[in-house]
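Dear colleague,

Here is the structure I said I would pass on. My notes on it follow below.

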Amino acid sequence: MQFDVVIVGGGHGGAAQAAQLRQRGFTGSLVIITAEPELPYERPPLSKEYLAGEKSFERMLLRPPAFWAERAVEVMTATRVTAVDAAVHRLETTAGDIGYGRLVWATGGDPRKLSCPGHELPGLHAIRTRADVDALKADLRPESRVLVVGGGYIGLESAAVLRKLGHSVTVIEAMDRVLARVAGPELSAFYEAEHRAHGVEIVTGAGLASLAAAGDAKLATLTDGRQIVADVVIVGIGIVPAVAPLLAAGATGGNGVWVDDHCRTSLPDVFAIGDCALHANAFAGGAEIRLESVQNAADMAISVARAITGDPAPYHAVPWFWSNQYDLRLQTMGLSIGHDQTVLRGDPATRSFSLIYLKAGKVIALDCVNAARDYVQGKALVEKGVAVPVEALADTATLLKAWHPA
């Protein structure tokens with residue numbers, strides 16, 4: 001098998017890549033290779049509406065099956081790439097060897113696994129694929145005792161859903177607050193209070209020391225000595241970038257695969273996009289980071305499509321994220337990395353407010369809780385690094401767009 005462009009990965013990045021190439025007039029042969037048995041589908045609902053039973057899988061498909069057929073995009077499902085030979089532009093896969101003209105790696109990552117004693121016990125659940133969530137739902141019984149390991153977005157979103165479904169939920173976070181890697185202390189405190197108000201037990205500053213079977217349940221021992229009995233354990237401690245075949249082929253990387261500002265790896269004719277792409281990001285002060293977001297995957301796909309179709313433009317997009325928990329919609333614009341000042345806009349008691357992060361007097365990020373207007377109007381401030389008086393940022397009567405650059 002030989003294709004002009006091979007896309008490895010059937011998530012948002014891979015689907016966006018194929019669609020963008022066709023939209024920009026690419027007429028060569030094109031294939032998406034995905035290890036999962038399904039056509040490309042949305043991932044964010046897995047820890048929200050799909051887990052809650054509020055959204056069917058069919059509604060999560062990124063495109064209907066006819067879309068791919070009409071655009072002559074072949075989709076090879078249940079196929080895994082095991083090796084890359086960059087010199088001869090060939091992949092080894094579980095379906096046989098496949099040659100490529102250009103390769104786009106959009107594999108995202110695999111759930112990071114526990115390393116403590118008991119990590120090999122059956123019935124530990126991740127939330128990364130449809131199969132993961134189906135297995136989790138099959139293990140739940142009425143009023144299950146659920147232990148969530150990890151207080152990031154995945155952990156808190158799943159905790160909110162499971163609490164709504166009537167299960168008892170405990171979240172443990174090894175750091176001293178939830179969302180510590182992505183948000184400031186004020187937002188962490190707000191979400192901890194919200195979850196506790198809904199009956200979730202939040203334990204911070206304590207990791208998981210060990211797991212042991214306890215009849216049909218599991219006994220979790222924390223690093224502070226306390227013990228928790230759980231019927232179901234969810235592990236949400238991040239991902240490991242799925243880039244082993246590229247690194248084995250000689251690509252530069254480590255925590256992901258390194259790409260330049262056009263998403264090219266160090267291997268000839270090989271690009272990488274999305275969660276697995278380690279790139280210098282202007283909104284992180286030029287630091288090399290990975291961004292785990294739909295936005296990043298989709299915008300990187302645009303850069304690659306432009307490079308392949310002869311209209312190159314570097315990747316430069318304001319990062320954005322969102323999280324739904326209970327009736328709270330958190331929308332984040334920009335990256336708060338390295339901020340030296342935080343401004344509260346609005347009153348958290350009203351459950352509608354924003355936290356605005358500044359660095360050297362300039363707006364670099366916003367966390368907006370049920371405050372969509374701030375989120376939308378804040379983009380230009382982040383994009384241009386606008387300096388706004390703190391008093392104006394804190395005054396909800398002053399619209400953020402009043403400070404948009406001319």
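The accessible surface of the protein chain is about 17000 Å², and carbon and sulfur atoms account for 52% of it. Please keep in mind that this is a predicted model. On the charged side chains, 37 are positive and 44 negative, with the centres of the two sets 3 Å apart.

As for overall dimensions, the C-alpha trace spans about 65 × 55 × 35 Å along its principal axes. The radius of gyration of the protein chain is 22 Å; a compact globule of 406 residues would have a value near 22 Å, so the two agree. Of the 406 residues, 52% are buried. Among contacts with a separation of 6 or more, 59% are between residues 24 or more positions apart.

The secondary structure consists of 10 helices and 26 strands. I looked at two groups of strands.

The first group is an open sheet of five strands with parallel pairing, in the order β8-β15-β9-β10-β11. Its edges are β8 (124–125) and β11 (201–204), each of which pairs on one side only. Inside this sheet, β9 (residues 145–149) runs parallel to β10 (residues 168–173), and five bridges join them. One residue pair to look at is V148, whose bridge partner in β10 is V171.

The second group is built around β13 (residues 217–222), which has antiparallel pairings with β12 and with β14. Is β13 mostly covered or mostly uncovered? Five of its six residues are buried, so with buried meaning under 20% relative accessible area, the strand counts as mostly covered.

On the β12 side, β12 (residues 208–214) and β13 are paired over six bridges, and A212 has L219 as its bridge partner in β13. These two strands form a hairpin with two residues between them. G215, in that turn, has a positive phi of about 70 degrees.

On the β14 side, four bridges join β13 to β14 (residues 227–230), and K218 stands opposite A230 in β14. This is again a hairpin, with four residues between β13 and β14. The turn contains G225, which has a positive phi of about 95 degrees.

For both groups, the general point holds that strands of a sheet pair through backbone hydrogen bonds, either parallel or antiparallel.

Regards

Note on methods
Residues are numbered from 1 along each chain as its sequence is written. This is a predicted model: local features need pLDDT of at least 70, side-chain atom pairs count only at pLDDT 80 or more; totals for chains, interfaces and linings use all residues. Side-chain values use heavy atoms; hydrogens and water are left out. The radius of gyration is taken over C-alpha atoms; the globule rule is 2.2 Å times the number of residues to the power 0.38. Buried means under 20% relative accessible area, exposed over 50%, partly exposed in between (1.4 Å probe, protein chains only). Contact means heavy atoms within 4.5 Å. Accessible areas come from the Shrake-Rupley method with a 1.4 Å probe; for residues, only the protein chains shown count as cover. Lys and Arg count as positive and Asp and Glu as negative; His and the chain ends are not counted. The place of a charge is taken as NZ of Lys, CZ of Arg, CG of Asp or CD of Glu. Two strands pair if DSSP finds at least two bridges between them.
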